[in-house]
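Visitor: I am new to this structure. Please take me closely through one part of it, then show me how that part sits in the whole.

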Amino acid sequence: MYTKFKCNGCDRKTEFLWLEQLDTPKGFKAYQCMECGCVGVKNIAEALHIPDSNLDRCKQCGGWQFIGNGCHTCALIGAK
């Protein structure tokens, strides 16, 4: 069983294969869509199996974040 996300390439809610050999910032993972082959980077808070009650939107950038953990997107771009 693979983690499911909405693909940025084919727009399907599908399984992703993590590309562990690629170095990514904390809170993000490189992936390959198992439907269309699209390769990209996803915020792990966007996984479809995570309940909405564990997530909220960042007040700074609007990205998804885990409640109480701070925003990985803002940390990455230095917005905070």
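**A close look at Leu 48**

Guide: Leu 48 has a relative accessible area of 40%, so it counts as partly exposed. This is a predicted model. Leu 48 sits in a loop, the one that runs between β4 (39-43) and β5 (55-57). What does Leu 48 contact, leaving aside its neighbours within four places in sequence? The partners are Lys 4, Phe 5, Lys 6 and Lys 13. Now compare sequence and space. Gly 63 is 15 residues from Leu 48 in sequence. Their C-alpha atoms are 15 Å apart.

Look next at one of those partners. Phe 5 belongs to the largest nonpolar core. That core has 11 residues. Phe 5 is joined there by Cys 7, Phe 16, Trp 18, Tyr 31, Cys 33, Ala 45, Ala 47, Ile 50, Leu 55 and Phe 66. β2 and β3 (28-33) each supply at least two residues of this core. In soluble globular proteins, nonpolar side chains tend to be buried together. So Leu 48, at 40% relative accessible area, is partly exposed, while its contact Phe 5 is a core residue.

Stay with the core for a moment. Tyr 31 is one of its members. Set aside residues up to four places away in sequence, and Tyr 31 touches Asn 8, Phe 16, Leu 17, Trp 18, Leu 19, Cys 38, Val 39, Gly 40, Val 41 and Lys 42. Phe 16 and Trp 18 also appear in the core list.

Gln 32 lies in strand β3. Its relative accessible area is 30%, so Gln 32 is partly exposed. Beyond its neighbours within four places in sequence, Gln 32 is in contact with Glu 15, Phe 16, Leu 17, Leu 19, Gly 37, Cys 38 and Val 39. Gly 9 is 23 residues away from Gln 32 along the chain, and their C-alpha atoms are separated by 10.0 Å.

Now the loops. Met 34 lies between β3 and β4. At 42% relative accessibility, Met 34 is partly exposed. Leu 17 is 17 residues from Met 34 along the chain, yet 6.6 Å separates their C-alpha atoms. Asp 11 is in the loop between β1 (4-6) and β2 (13-18). Most residues other than glycine have a negative phi. Asp 11 is not a glycine, but its phi is positive, at about 65°. Gly 70 lies in the loop between β6 (64-66) and α1 (72-77). Gly 70 is partly exposed, at 29% relative accessible area. Its C-alpha atom and that of Glu 15 are 26 Å apart, with their places 55 residues apart along the chain.

Step back to the whole chain. The protein chain has one helix and six strands. From the N terminus, the order is β-β-β-β-β-β-α. The radius of gyration is 13 Å, close to the 12 Å that the globule rule gives for 80 residues, so the chain is as compact as a globular protein of that length. Along the principal axes, the C-alpha atoms fill a box of roughly 35 × 25 × 20 Å.

Of the 80 residues, 31% are buried. The accessible surface comes to about 5,300 Å², and carbon and sulfur atoms hold 49% of it. Among contacts between residues at least 6 apart in sequence, 23% join residues at least 24 apart. Last, the charges. There are 10 positive and 8 negative side chains, and the centres of the two sets lie 5 Å apart.

Note on methods. Residues are numbered from 1 along each chain as its sequence is written. This is a predicted model: local features need pLDDT of at least 70, side-chain atom pairs count only at pLDDT 80 or more; totals for chains, interfaces and linings use all residues. Side-chain values use heavy atoms; hydrogens and water are left out. Helices (H or I, at least four residues) and strands (E, at least two) are DSSP runs, numbered from the N terminus. The radius of gyration is taken over C-alpha atoms; the globule rule is 2.2 Å times the number of residues to the power 0.38. Buried means under 20% relative accessible area, exposed over 50%, partly exposed in between (1.4 Å probe, protein chains only). Contact means heavy atoms within 4.5 Å. Accessible areas come from the Shrake-Rupley method with a 1.4 Å probe; for residues, only the protein chains shown count as cover. Lys and Arg count as positive and Asp and Glu as negative; His and the chain ends are not counted. The place of a charge is taken as NZ of Lys, CZ of Arg, CG of Asp or CD of Glu. A nonpolar core is a set of buried Ala, Val, Leu, Ile, Met, Phe, Trp, Tyr and Cys residues joined through side-chain atoms within 4.5 Å.
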